[in-house]
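This report goes through one protein model, from a single helix to the chain as a whole. The sequence and the structure come first.

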Amino acid sequence: MVKTHPLFFRSLALLSLALAHPFPAQASGPVMAGVAGPGVNLIYAYLAQDAGMWKKHGLDVRVVLFESGSTLAQVARTGEVKFAINSGPGTIAARTQGADAVIVAAVVNTLPYSLVTTKGITKWADLKGKKIGISRIGSGTDTAIRLVCKKFGLDPTKDIIILQGGTQPSRLQALSVGALDATLVSPPLDLTAKKQGFSVLVNVAELGILYPQLVIETSDRFNRENPQIVKNFLKGFIEGVHYVATHKGETKEIITKYLKNSDPEILESTYQSFLQVTDYSAHPNLEGLRNAIDEVAQRLPAAHGKKPESFVDLRFLKELQRENFFKQF
């Protein structure tokens, strides 16, 4: 006869108690959050992690670094990553194709890149026929270079050659050996590139192109089954974002830790870029989403004509507003 371990009865009693008096919803284990990097974008998540913001709200969040936004998007579809901190087009493409991926917040609603080029390229016309490196097709850098080219009168499908080049450091290396003529990088690699003798053709952030560069993606199912976890995640993330404005020294230490660079000039430039592009309201910009939808539709016709509102779930942000969460900042 098989004996039942006493722990079984103890667990059964606890379960009965929990059903009668449910505990506040919280994660039963580590919550995986994916970020694409390296670059200043990944610092948002690590700030919330290292400053203890998620722990403050009862979550054990583990930040996982992915080489590119498109790779992160693929893993997010499997459910292994519960929160994908990525650029908006990935969510738009996935939801258009039937996935339940959805945007619950956005903290960068513009393009934060700089286009760095070899010395011989000094104006936009010089880019015709040239090789421009992005991370991967369908990534944020892919959409960004297409939007920027259009703004300056170039046809990204005819006038330039777009090549996949992996991470930003990998693309800078390709630039240095002549495999690329230009590439998009975010701080602090724009200043690194200048120090290596490359030119910055344009600081894209100064153009004010509205675009969902850094969004928090979840899924309809996860939101439905774990609303308190989503809400607490957003609380910690948003507090981490606001932490930057009043903790310059600590923020620079975190930048140094994860971007592996202690150059004072680069740290200051990265910090100022963070302040410049961050949207502290955490709300997705609908016009920026329209820009991203239009761009995605060129590769995925089913996205054409879809409304920005169909890609967002703003109930958690609305709840935080009703509870005066943002007033503390």
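Which residues of α2 are buried? They are I43, Y44, A45, Y46, L47 and A48. With six of its eight residues buried, α2 is mostly covered. G52 follows α2 and has a positive phi, near 75°. The model described here is a predicted one.

**The chain as a whole**

The protein chain contains 14 helices and 10 strands. It has 329 residues, and buried residues make up 53% of them. About 15000 Å² of the chain is exposed, and carbon and sulfur atoms supply 53% of that area. Among contacts between residues at least 6 apart in sequence, 79% join residues at least 24 apart.

**Helix α12**

Helix α12 covers residues 264-277. Its 14 residues should span 20 Å at 1.5 Å a residue, and this agrees with the end C-alpha atoms, which are 20 Å apart. The buried residues in α12 are I266, L267, T270, Y271, S273, F274 and V277. They lie on the same side of α12, because they cover an arc of only 160° around the axis. An α-helix has 3.6 residues a turn, so residues three or four places apart point the same way.

What do the buried residues of α12 pack against? Their partners are α2 (43-50), β4 (101-110), α8 (189-195), α10 (227-246) and α11 (248-259). The mostly covered helix α2 is thus met again here, as one of the elements that the buried residues of α12 pack against. At the start of α12, the backbone nitrogen of E265 has a side-chain oxygen of D263 within 2.8 Å.

**Strands β10 and β8**

Strand β10 runs over residues 210-219. Nine of its 10 residues are buried, so the rest of the structure largely encloses β10. Two antiparallel pairings involve this strand: β3 (residues 83-86) is joined to β10 by three bridges, and β4 is paired with β10 over seven bridges. In the pairing with β3, A84 stands opposite E217 of β10. In the pairing with β4, A105 has I216 of β10 as its bridge partner. β4 is also among the elements against which the buried residues of α12 pack.

How are the two faces of strand β8 (residues 182-185) placed, covered or open? Both are covered: A182 and L184 are buried on one side, and T183 and V185 are buried on the other. β8 pairs with strand β5 (residues 114-117) in the antiparallel sense over four bridges. Strand β6 (residues 131-134) runs parallel to β8 and is joined to it by two bridges. A182 takes part in both pairings, as the bridge partner of T117 and as the residue opposite I132.

The table collects the strand pairings described above.

| Strands | Sense | Bridges |
|---|---|---|
| β3 and β10 | antiparallel | three bridges |
| β4 and β10 | antiparallel | seven bridges |
| β5 and β8 | antiparallel | four bridges |
| β6 and β8 | parallel | two bridges |

**A buried glutamate in α13**

E295 is part of helix α13 (residues 286-299). Its relative accessibility is 1%, so E295 counts as buried. What does E295 touch, leaving aside residues up to four places away in sequence? The residues are T143, R146, L147 and K150. With K150, the side chain of E295 makes a polar contact of 3.3 Å.

**Positive phi outside glycine**

Most residues other than glycine have a negative phi. A282 is not a glycine, yet its phi is positive, about 65°. A282 sits in the loop between α12 and α13. At 1% relative accessibility, A282 counts as buried.

N324 also has a positive phi, near 60°, and is a residue other than glycine. It belongs to the segment after α14 (315-322). Is N324 buried or partly exposed? N324 counts as partly exposed, because its relative accessibility is 42%.

Conventions. Residues are numbered from 1 along each chain as its sequence is written. This is a predicted model: local features need pLDDT of at least 70, side-chain atom pairs count only at pLDDT 80 or more; totals for chains, interfaces and linings use all residues. Side-chain values use heavy atoms; hydrogens and water are left out. Buried means under 20% relative accessible area, exposed over 50%, partly exposed in between (1.4 Å probe, protein chains only). Contact means heavy atoms within 4.5 Å. Accessible areas come from the Shrake-Rupley method with a 1.4 Å probe; for residues, only the protein chains shown count as cover. The expected span of a helix is 1.5 Å times one less than its number of residues. The arc is that of the directions from the helix axis to the C-beta atoms. A polar contact is a pair of N or O atoms within 3.5 Å; within protein, one must be able to donate a hydrogen and the other to accept it, and residues adjacent in sequence count only if both atoms are side-chain atoms. Two strands pair if DSSP finds at least two bridges between them.
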